[in-house]
Amino acid sequence: GVDEFTPVLPVVVNLRNPSLQERHWEQIHDLVGLQIQGEESFTLGDIVKKGVSRFHEEITTIATNATQEAVLEEMMAKVTKTWEACEFEVKPYKDVKDLYILGDVSEIIANLDECLVTVNTVLGSRYVGGIRGFVEKWRRDLTLFQETLDEWLMVMRAWMYLETIFSSPDIVRQLPAAAKMFQAIDKSWKNIMKQTNDDPLALKAGCVKDRKETLQAHNAGLDKIQKSLEEYLETKRAAFP
């Protein structure tokens, strides 16, 4: 009668869902106990005869999942594409050979914010199951990059200020310990920036192993150097009221 045909239509529609991936077909085949995908001879009649239509609810669920997962995968494809070609702008500094600083990073920061929102939205979806590991790795990488970039920009600001001051032989003579400390950071900074100039892919440069920790240590060091410089200038001012 009409009743046995009622669930056939949704089954046909769902089995034609273009979002069904290999993993979804495996679920369908396990569920109905027979091979449908790629079987040329499988007909509408078989759906009724072989009892496939009695699984119509489960098949609808699998097809819905497939559609929703495809939306999430498309969102993640945009994230992947964003970082494939996103590069740091690296600029020569003071016309010194092999001396560089970062140029404008506003677009990189905007990309980071936008992609982290996307990744967190995808992770918040109840359909993320099939790609959770992939998405979580993206969240780890983007978060690490964001934290590294914060440290990087702080080092750059302090380095640019102190680089001018410590090029004065007088200051180096007056503050030998601070000057020595600055020299070590200066060398490391030049090296990081030269590497970034050679390979400016932003996400790659931002996720170099231990780079965040290196820059954090530099920030702590530059802080100390700035303090000893301030103390020195304070004593100078006191001596010449």
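Helices and strands here are DSSP runs, numbered from the N terminus, with at least four residues for a helix and at least two for a strand. With that settled, I placed Asp210 in the loop between α10 and α11. I kept in mind throughout that this is a predicted model.

**Entry: two loop aspartates**

I looked at the backbone of Asp210 and found a positive phi of about 65 degrees, although the residue is not a glycine. Is Asp210 buried or partly exposed? Its relative accessibility is 43%, and because the partly exposed class runs from 20% to 50%, Asp210 counts as partly exposed.

I then turned to Asp98, in the loop between β1 and β2. Asp98 is not a glycine either, yet it has a positive phi of about 60 degrees. With a relative accessible area of 31%, Asp98 is partly exposed.

**Entry: the whole chain**

I stepped back and tallied the secondary structure, which comes to eleven helices and two strands. Reading from the N terminus, I noted the order α-α-α-α-α-β-β-α-α-α-α-α-α.

Next I checked the overall dimensions. The C-alpha trace spans about 105 × 35 × 25 Å along its principal axes. The radius of gyration is 30 Å, where a compact globule of 241 residues would have one near 18 Å.

I also looked at burial and surface. Of the 241 residues, 40% count as buried. The chain exposes about 14,300 Å², and carbon and sulfur atoms supply 54% of that area.

For contacts, I took pairs at least 6 apart in sequence; 73% of these join residues at least 24 apart. On charge, I counted 29 positive and 38 negative, with mean positions 7 Å apart.

**Entry: helix α9 and Thr196**

I followed α9 through residues 176–198. The helix has 23 residues and reaches 33 Å from its first C-alpha to its last, close to the 33 Å expected at 1.5 Å a residue.

Which residues of α9 are buried? I listed Ala178, Ala179, Phe182, Ile185, Asp186, Trp189, Ile192, Met193 and Thr196. I was pleased to see both strands in their cover, which includes β1 (90–92), β2 (100–102), α7 (132–165), α8 (169–174), α10 (202–206) and α11 (211–239).

I zoomed in on Thr196. At 1% relative accessibility it counts as buried, because the cut-off is under 20%. Beyond its neighbours within four places in sequence, Thr196 is in contact with Phe88, Val90, Leu102, Trp152, Ala205 and Arg211.

**Entry: Leu229 in α11**

I moved along to Leu229, which is found in helix α11. Its relative accessible area is 2%, so Leu229 is buried. Not counting residues up to four places away in sequence, Leu229 touches Tyr161, Leu162, Ile165, Ile171 and Leu175.

I also looked up the separation between Leu229 and Lys81. These two are 148 residues apart along the chain, and their C-alpha atoms are separated by 46 Å.

**Entry: Asn14 in α2**

My last stop was Asn14, in helix α2 (residues 8–15). Is Asn14 buried or exposed? With a relative accessible area of 13%, Asn14 is buried. Setting aside residues up to four places away in sequence, I found Asn14 touching Leu20, Ile59, Thr60 and Ala63.

Note on methods:
Residues are numbered from 1 along each chain as its sequence is written. This is a predicted model: local features need pLDDT of at least 70, side-chain atom pairs count only at pLDDT 80 or more; totals for chains, interfaces and linings use all residues. Side-chain values use heavy atoms; hydrogens and water are left out. The radius of gyration is taken over C-alpha atoms; the globule rule is 2.2 Å times the number of residues to the power 0.38. Buried means under 20% relative accessible area, exposed over 50%, partly exposed in between (1.4 Å probe, protein chains only). Contact means heavy atoms within 4.5 Å. Accessible areas come from the Shrake-Rupley method with a 1.4 Å probe; for residues, only the protein chains shown count as cover. Lys and Arg count as positive and Asp and Glu as negative; His and the chain ends are not counted. The place of a charge is taken as NZ of Lys, CZ of Arg, CG of Asp or CD of Glu. The expected span of a helix is 1.5 Å times one less than its number of residues.
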